[in-house]
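Here are some short exercises to try with the model open beside you. Work through each task first, then compare your steps with the solution.

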Amino acid sequence: MRKLFITLAVLSALSQSAFCATSIVNNFTMGSGGLIKDDLLINTAITRNFSLGAGGTWTKTDAFESDIYSVNMPLSLSMDFVQAVLRPFYVFEQDGLDGKGAMLHFLINMKQDDVNSVYTQAFMSAAYIQQKAEVTRAATKIEEYKEAAFSLGLRNNFYNTFFFTTDATAHVYPSGISDVSAFRAVTDQNMGANLDIYDSVFGLPKYSVGLKLARGFENKTSIYIGYRFVEMYLTPSVNSFIIGNDFPILKNLWADLGYNHTRDTDGNKGDFVKLSLTYKF
């Protein structure tokens, strides 16, 4: 964790210059399975088009006796027609297991009508994860297990009032999946793809499809609902439902309060609440 705090301190120092703009985002999540999760991200604009971030996540869950720590460092490039984010991450060793990888995300402006406030954006991402995991094939052993995820989606904004997002993700496993009968790892699959599940997902997704609807208001407040189906290998598939409200608290402070209910195909349920706070200066 020492390297994380050094990086955060450097970014904090950079933000003191007149040229830089900085945002701080903190997400706190709690819910079923003894989940308590808190992640902090500091993002600083280095130039008009380029920004650098550093973040860390602490997770406590009944799935592991000890807490799980991870760090990430997003690099963002923003232009008129496209935005790109590269986010490498690392999960510290826990019970002999660890993980590392990166996600590359693109957001492309396909249609932009500033007069009528109608926008259409396409987004796509690719992620690679390599983790030291406990894998059971003919026997159980710890091995370097590799996977990749590919996502594609569409986002529509109508009059800055109605927002519609749909996307799908496919996961592939170069290390092989057909002969795997059990799997244990510490890497949260949400790091490599948007699963719309507030809980940490340590299993192996096969694919997911999701839909999100939002309604915006003149006071910069919005309410949203979402649904995602996640097909899993080895464990029951999951239906995830989200409802939330984001709103300003102060001039430079925003909040996002969300509730997530999950139900797998075996009937197991989960309930989670997340509070996000964003401060810009």
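**Exercise 1.** Find the bridge partner of Ala84 in E7, and place that pair in its strands.

*Solution.* Start at Ala84: its bridge partner in E7 is Phe106. Next, widen the view to E6 (residues 82-94) and strand E7 (residues 97-113), which run antiparallel and are joined by eleven bridges. Strands here are DSSP runs of E with at least two residues, numbered from the N terminus, and two of them pair if DSSP finds at least two bridges between them. Finally, look at the connection: E6 and E7 form a hairpin with two residues between them, and Asp95 in the turn has a positive phi of about 55 degrees.

Two notes before going on. This is a predicted model, in which local features need pLDDT of at least 70 and side-chain atom pairs count only at pLDDT 80 or more, while totals for chains, interfaces and linings use all residues. Residues are numbered from 1 along each chain as its sequence is written, and side-chain values use heavy atoms, with hydrogens and water left out.

**Exercise 2.** Work out how E4 and E5 pair with E6.

*Solution.* Take strand E5 (residues 75-78) to begin with: E5 pairs with E6 in the antiparallel sense over four bridges. Within this pairing, Leu75 has Leu86 in E6 as its bridge partner. A hairpin through three residues joins E5 to E6. Then turn to strand E4 (residues 68-72), which is antiparallel to E6 and joined to it by three bridges. Here, Asn72 stands opposite Phe89 in E6.

**Exercise 3.** Decide whether Phe164 is buried, partly exposed or exposed, and list its contacts.

*Solution.* First locate Phe164 in strand E10 (residues 162-172). Its relative accessibility is 29%, so Phe164 counts as partly exposed; with a 1.4 Å probe and protein chains only, buried means under 20%, exposed over 50%, and partly exposed in between. Now collect the contacts (heavy atoms within 4.5 Å): leaving aside residues up to four places away in sequence, Phe164 touches Leu154, Arg155, Asn156, Leu211, Lys212 and Leu213. As a last step, compare Phe164 with Thr57: the two are 107 residues apart in sequence, and their C-alpha atoms are 29 Å apart in space.
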